[in-house]
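Hi there,

Here is the structure I promised to pass on. Please have it open while you read, and my notes follow below.

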Amino acid sequence: MLADEGCREEVLEFCRAMPLVLEREDMVVVHACWHEGSADALRDLEQQDVTEVFDLFARQIASRIEAGGVVDADTIDQMEQNENPVKVLTSGMEVPAPEPFFAGGKMRTLERERWWESYDGADKKLVVFGHYWRRFMGEVAEEVSELHPEGFHPTGPDMFPGNAPNQLLGGSKKAMCVDFAAGVRYEERGMSLKEGSLGTHLAALRLPEMDVHLEDGRVLPAI
């Protein structure tokens with residue numbers, strides 16, 4: 001059921017009041033991607049309404065696309081994503097994929113950048129982020145392989161290959177993704193699987209202990 005206008009406005013007002021980034025001397029909390037240039041671009045603005053800021057950058061990008069005569073679809077998609085600071089912080093940057101892949105109901109030729117691999121932590125800040133649906137791949141149920149012998153990747157290629165789910169990321173070990181794909185549980189329900197069968201969890205990172213608390217009661221050290 002669609003919300004009425006009053007409910008819609010209430011939700012929008014709530015979202016407008018939410019920060020895009022939380023910062024303190026030793027830590028940054030951001031939804032998807034910590035990108036200093038994008039954060040700086042937002043700090044320089046007087047506007048506080050995130051929708052107005054989003055639209056401002058979208059218009060500027062559209063003007064650059066038109067002025068440059070850009071027609072390549074992937075180039076346009078990258079510009080619209082990577083040059084809008086609101087998009088960068090809330091959904092990350094995109095780069096060309098090695099090969100096309102299917103995700104989100106369509107074939108894609110751009111993939112999400114693993115920005116944490118190059119984050120050097122030079123400012124000593126721990127970056128806590130989500131968005132990328134990290135999963136406990138060792139806990140994926142056998143039924144999933146029976147239903148999908150070719151493998152099941154609801155979000156495209158694994159963003160964290162070779163990393164344990166409770167592992168700090170990047171060469172500096174100063175980045176931590178705490179989104180353990182609870183949003184993928186609709187797929188579990190759709191396949192009549194037990195909750196968690198796709199390696200999904202709801203989790204929180206406790207500081208300064210650096211422990212990952214899972215909804216099933218387990219506590220794992222961030223390593």
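Let me start with a spot in the backbone. K173 sits in the loop that runs between α6 (142-147) and β6 (175-177). Its phi is near 55°, a positive value in a residue other than glycine. For context, most residues other than glycine have a negative phi, and most peptide bonds are trans. Please keep in mind that this is a predicted model.

A second backbone feature is in another loop. L207 and P208 are joined by a cis peptide bond, with omega at about 5°. You will find P208 in the loop between β7 (203-206) and β8 (211-214).

Now to the helices. How do the axes of α3 and α4 cross? The axis of α3 (50-67) and that of α4 (residues 73-82) come within 9 Å and cross at roughly 150°. Angles over 145 degrees count as roughly antiparallel, so α3 is roughly antiparallel to α4. The crossing of α3 past α4 is right-handed. On the α3 side, the contact is made by I61, R64 and I65, and on the α4 side by I76, M79 and E80. By class, the residues of this contact are four nonpolar and two charged, with no polar ones.

Next, the open space. How much space lies in the largest pocket? The volume comes to about 390 Å³. The largest pocket is lined by 17 residues, and the closest to its centre are P19, L20, L42, Q47 and Q48. Elements that each give two or more residues to this lining are β1 (21-24), α2 (36-43) and α3 (50-67). The largest share, three residues, is from α2. So that you can picture the chemistry, the lining of the largest pocket has eleven nonpolar, two polar and four charged residues. Note that α3 turns up twice in this story: the helix gives residues to the pocket lining, and it also makes the contact with α4.

Finally, the enclosed space. The structure holds one cavity of 30 Å³ or more. The volume of the largest cavity is about 100 Å³. Which residues lie nearest its centre? They are W133, R135, T155, D158 and M159, out of 13 that line the largest cavity. That lining divides into seven nonpolar, three polar and three charged residues.

If you want to look around on screen, the loop with K173, the peptide bond between L207 and P208 and the contact of α3 with α4 are the places described above.

Best wishes

How values were computed: Residues are numbered from 1 along each chain as its sequence is written. This is a predicted model: local features need pLDDT of at least 70, side-chain atom pairs count only at pLDDT 80 or more; totals for chains, interfaces and linings use all residues. Side-chain values use heavy atoms; hydrogens and water are left out. On a 1 Å grid over the protein atoms alone, a cavity is a set of points where a 1.4 Å probe fits but cannot get out, and a pocket is an open set with protein on both sides within 12 Å along at least five of seven lines; lining residues have an atom within 4 Å of a point. Grid points are joined across faces, edges and corners, and a volume is the space filled by probe spheres set on the points. Helices (H or I, at least four residues) and strands (E, at least two) are DSSP runs, numbered from the N terminus. Axes are lines fitted to C-alpha atoms, for helices over the stretch in contact, and angles run from 0 to 180 degrees between N-to-C directions. Angles under 35 degrees count as roughly parallel, over 145 as roughly antiparallel, 65 to 115 as roughly perpendicular and the rest as oblique. A crossing is left-handed if the near helix is turned anticlockwise from the far one by less than a right angle, and right-handed if clockwise. Contact means heavy atoms within 4.5 Å.
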